[in-house]
Amino acid sequence: MTVLPRPRAARFATFMFFGLNGFAMGMWVVHIPNVERATGISHSTLGALLLVLGGAAFAGMQVAGPLVDRLGHRRLVPAAGVLLGLALCGPGFATSWWTLGLALIGFGFGNGAIDVGMNSHAVVVERAYPRPIMAAFHAMWSIGGAIAAVIGAATLGAGVPTGVTLTGTGLLCVLLSVVSARFLMEPAAVPAEVPSAASPGEPEPVVRRRSPGRTVWLLGLLALALMLSEGVANDWAALHMEKVLGTSASTAALAYGAFAVAMTTGRFLTDRVAAWAGPAAIVRYGAALAAVGLTTAAAAPWVPVSLVGWALFGLGLSGGVPQLFTAAGNLDTRASGALMARVVGLGYVGLLAGPALIGGLTRWMPLNLTFALPVVLCVLAAVFAGVLNPAPEPAEQPVA
């Protein structure tokens with residue numbers, strides 16, 4: 001007889017995978033300058049290789065989605081964690097553009113695979129709980145990245161070789177992925193739907209719901225809009241403060257800090273609000289708040305007001321994407337991973353495309369005016385948030 005993992009243990013394992021993923025990505029990011037110097041590549045070559053990493057991650061998402069439905073979370077998620085950990089060792093020992101490119105293909109593919117796998121598993125775990133818990137998992141990813149920034153700064157300051165640090169991080173990912181595998185849950189262990197309130201003996205009401213195929217693309221477009229906006233903050237918040245408001249580099253860093261802290265805090269609070277207000281309200285009012293926040297940050301002539309705007313932007317964006325991922329995973333429990341891969345993949349495209357689009361627009365207009373693009377996308381996300389809770393329509397009754 002197979003002993004099923006308890007939801008609490010599965011929830012802890014999911015927290016671990018999210019934290020590990022954020023930690024691994026954070027350690028790579030803080031060591032990018034060292035890797036660039038060690039390989040002797042130019043900034044433009046590095047930019048091209050980062051696009052390769054992004055493309056490999058997208059491919060990993062699309063492959064992992066159907067595989068998690070076929071193989072199960074207990075196989076796919078730990079395997080993706082092991083691949084991510086082993087691939088992370090590569091960039092630290094790269095000596096040329098092509099060896100770095102090969103390492104980043106493996107790292108990106110593993111990152112995309114674990115991204116879809118752990119989000120799909122998070123949806124399964126959430127079904128076993130009487131309240132939303134998805135946003136807290138995403139907050140743990142942010143915590144993992146913050147820890148990586150601190151530890152990475154310490155190892156860099158101590159002169160620890162990049163290869164040693166990344167290898168240690170990678171082996172930690174491998175170890176914890178293997179150990180956590182036994183605590184993961186499969187969809188069959190959790191009821192897919194809440195039992196109907198129909199009286200015993202009465203036939204279930206026949207309803208016609210929106211096609212999952214159509215809905216998943218709408219969810220994906222919303223994810224693209226919100227994650228594109230997030231990508232703009234990641235790459236342009238500090239530059240906006242420095243170039244537009246004329247601050248020092250240290251003061252400019254506070255813009256991204258305000259955004260990141262507000263987003264992490266908001267994700268820890270989102271689940272409680274979602275249990276009360278519902279996922280559509282989280283996306284609708286969160287996106288509206290994000291639009292107000294970014295407009296304030298872009299238009300403010302004073303640093304304190306702009307910082308408040310960036311914080312509101314992060315708070316508004318904090319809860320939307322987790323609600324979209326949960327909705328995608330619950331559209332069809334038999335193909336949860338494949339549906340999740342579409343939404344996560346489109347969101348990831350937005351995350352990569354946002355900074356590049358803003359950079360292109362700066363050729364024709366000032367930086368703060370280019371922020372009109374993510375503001376409009378946030379407004380559109382607020383308008384179409386109702387896709388998260390479409391009302392079922394009664395099917396036509398047959399004529400007697």
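Tutor: A helix is a DSSP run of H or I with at least four residues, a strand is a DSSP run of E with at least two, and both are numbered from the N terminus. The model is predicted, so local features need pLDDT of at least 70 and side-chain atom pairs count only at pLDDT 80 or more, while totals for chains, interfaces and linings use all residues. Residues are numbered from 1 along each chain as its sequence is written, and side-chain values use heavy atoms, with hydrogens and water left out.

Student: Where is Pro161 found?

Tutor: Pro161 is found in the loop between α6 (134–157) and α7 (162–180).

Student: Why is Pro161 called partly exposed?

Tutor: Its relative accessible area is 49%. Buried means under 20%, exposed means over 50%, and partly exposed lies in between, with a 1.4 Å probe and protein chains only. The value of 49% falls between the two limits, and therefore Pro161 counts as partly exposed. The C-alpha atoms of Pro161 and Val244 are separated by 37 Å, and the two residues are 83 apart along the chain.

Student: How many aromatic pairs does a search of the whole structure find?

Tutor: The search finds seven aromatic pairs. One of them joins Phe259 and Phe313, at 5.6 Å centre to centre and 40° between the planes.

Student: Why is the pair of Phe259 and Phe313 called tilted?

Tutor: A pair of aromatic rings is described by the distance of the centres and the angle of the planes. Rings of Phe, Tyr and Trp (its six-membered ring) pair if their centres lie within 6.5 Å; planes under 30 degrees apart are stacked, over 60 edge-to-face, and the rest tilted. The distance of 5.6 Å is within the limit, and 40° is neither under 30 nor over 60, so Phe259 and Phe313 form a tilted pair.

Student: What makes this a link between distant parts of the chain?

Tutor: Phe259 belongs to helix α9 (residues 249–277) and Phe313 to helix α11 (residues 303–317), 54 residues apart. Phe259 is buried because its relative accessible area is 1%, and Phe313 is buried because its value is 0%.

Student: How do you know that Trp310 and Phe371 are edge-to-face?

Tutor: Their centres are 5.7 Å apart and their planes meet at 80°. That angle is over 60, and therefore the pair is edge-to-face. Trp310 lies in helix α11 and Phe371 in the loop between α14 (367–370) and α15 (372–383), so the pair ties together parts that are 61 residues apart in sequence. Trp310 is buried at 0%, and Phe371 is buried at 0%. Ring pairs link Tyr256, Phe259, Trp310, Phe313 and Phe371 into a cluster.

Student: Why is Arg11 said to lie over the face of Tyr129?

Tutor: The rule asks for NZ of Lys or CZ of Arg within 6 Å of the ring centre and within 35 degrees of the ring normal. Arg11 lies at 5.2 Å from the ring centre, so the distance limit is met, and Arg11 is listed as lying over the face of Tyr129.

Student: Is Ile282 buried or exposed?

Tutor: Ile282, in helix α10 (residues 279–299), has a relative accessible area of 12%, which is under 20%, so Ile282 is buried. Leaving aside neighbours within four places in sequence, its contacts (heavy atoms within 4.5 Å) include Thr270, Val273 and Gln323. Ile282 and Gly316 are 34 residues apart in sequence and 8.7 Å apart in space, C-alpha to C-alpha.

Student: Why is Leu367 called buried?

Tutor: Leu367, in helix α14, has 12% relative accessibility, under the 20% limit, and therefore counts as buried. The C-alpha atoms of Leu367 and Trp236 are separated by 8.7 Å, with their positions 131 residues apart along the chain. Beyond neighbours within four places in sequence, Leu367 is in contact with residues including Trp236, Leu239 and His240.

Student: Why is Ala338 called partly exposed?

Tutor: Ala338 lies in helix α13 (residues 336–361). Its value of 22% is between 20% and 50%, so Ala338 is partly exposed. Not counting residues up to four places away in sequence, Ala338 touches Gly65, Pro66 and Asp69.
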